[in-house]
Amino acid sequence: MSGPTSLRAWWAQRSPAAGSAVMATGILSVGLHLTGYEVLSRVFLVLACAAWAGLAADFGVRLMRDRERWRAEAGTPGALTAVAATAVLGTRFSALGRQTLAEALLALAAVLWPGLLVEAVRHWRRHMPGAVFLCCVATQGLAVLGATLAGAEATAWLAHAALVLFWLGLVLYGCALALFDLRQVRQGPGDQWMAGGALAISALAGSKLVAADSARLYLWNDDDRGVLRSVTVALLALGLAWYAVLLVAEALRPRRGYDVRRWATVFPMGMTAAAVLSVAAALDVPWLKGPGRVLLWIAVAAWVAVAAGAVAAARAGIRSTAPR
């Protein structure tokens, strides 16, 4: 009986930031789908769904049985991974044609988003770690899923709501950047990559808004479309610049060993790849597909490395909590 007891004790110690593992796995599923690796994409989707289900069950149990701890964790930026992870999974299910399921996930993420966002903002302070950018990531995750469903279902109001969330996400990015401790670029344990990941998901949202337009909807006039295209390109360029800066910082000061916040490194890597591939399709820039594929496989390699570290850390954690 010590095995299940040890497993429960280890699971109880998990960080709210563990949701970034679902985000990372889910966005790689999206990226692999965009590049035609459907079987591998679905493998990653199954893994992401299994992790999401476990975290969702734990979220519910803590809400019902341990309100004090739930409130404490809800006030951390990492709690917003619940919104972002749900939105990423919804986006992937929409690509599979499962629009009803995607809509349900959008509704769930939309219900969670305002409360968790307000709690996170209430705890803002100066010199924040990279997790502060999750306020932008969660908001843009809703924009991505809303725009994706608007295009799939020809629903104009969803596209307009997604546009509002898109601009709000950019405002939140600016606020987060003002609070971000730039020393984290050199010293951060992994979540500093969210500084670039937030821009990448913003670029993805922009590309989805552009792609949602059609003769059936006629969402944007020429001026609106031109602004969206320009802002999307600028966001992608800034996201790639952050990627380069963070990669150089990692090379100059390697941070070895597993940390759960390393999933917040994999997610921006995968999101940057997905954003490049989506922008290439939505804005008709075919030469971006090659770099997008390269970035995607770099992200897959990072996922494998972090997953191996997570398994080793889990084994060690379970052994350390086993009765003696």
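At 33% relative accessibility, C175 is classed as partly exposed, a term for residues between the buried class, under 20% relative accessible area, and the exposed class, over 50%, as evaluated with a 1.4 Å probe on protein chains only. The sulfur of C175 lies 7.4 Å from the closest cysteine sulfur, that of C135, which is too far for a bond, given that a disulfide is defined as a pair of cysteine sulfur atoms within 2.5 Å. By this rule the count of disulfides is zero. C136 is likewise in no disulfide, the nearest cysteine sulfur being that of C135 at 6.4 Å; with 0% relative accessibility, C136 counts as buried.

These values come from a predicted model, in which local features need pLDDT of at least 70 and side-chain atom pairs count only at pLDDT 80 or more, whereas totals for chains, interfaces and linings use all residues. Residues are numbered from 1 along each chain as its sequence is written, and side-chain values use heavy atoms, with hydrogens and water left out.

The secondary structure of the chain consists of 13 helices and zero strands, where helices (H or I, at least four residues) and strands (E, at least two) are DSSP runs numbered from the N terminus. Of the 324 residues in the chain, 52% are buried. Among contacts with a separation of 6 or more, 84% join residues 24 or more positions apart, a contact being defined by heavy atoms within 4.5 Å.

Helix α8 (residues 156-179) packs with helix α10 (residues 194-212) at an angle of about 160°, their axes lying 10 Å apart; axes are lines fitted to C-alpha atoms, for helices over the stretch in contact, and angles between N-to-C directions run from 0 to 180 degrees. The two helices α8 and α10 are therefore roughly antiparallel to each other, since angles over 145 degrees receive that description, while those under 35 count as roughly parallel, those from 65 to 115 as roughly perpendicular and the rest as oblique. The crossing of α8 and α10 is left-handed, meaning that the near helix is turned anticlockwise from the far one by less than a right angle, a clockwise turn being right-handed. On the α8 side the contact involves A159, A162, L163, F166, L170 and Y173, which meet A195, A198, L199, S202, A205, G206 and L209 of α10. The residues of this contact between α8 and α10 comprise eleven nonpolar, two polar and no charged, with Ala, Val, Leu, Ile, Met, Phe, Trp, Tyr, Cys and Pro taken as nonpolar, Asp, Glu, Lys and Arg as charged, and the others, Gly among them, as polar.

Helix α5 (residues 81-95) and helix α7 (residues 134-153) pack at an angle of about 20°, with their axes 8 Å apart, which makes α5 roughly parallel to α7. The crossing of α5 with α7 is left-handed. Residues of α5 including T81, V83 and A84 meet residues of α7, among them L134, V137 and A138, and the contact of α5 with α7 has eleven nonpolar, six polar and no charged residues.

Also placed in helix α7 is Q140, which is buried, with a relative accessible area of 0%. Apart from its neighbours within four places in sequence, Q140 is in contact with L165, F166, G169, L170, I201, S202 and A205. In helix α3 (residues 38-65), L40 is partly exposed, with a relative accessible area of 32%, and, neighbours within four places in sequence aside, L40 is in contact with L32 and W297.
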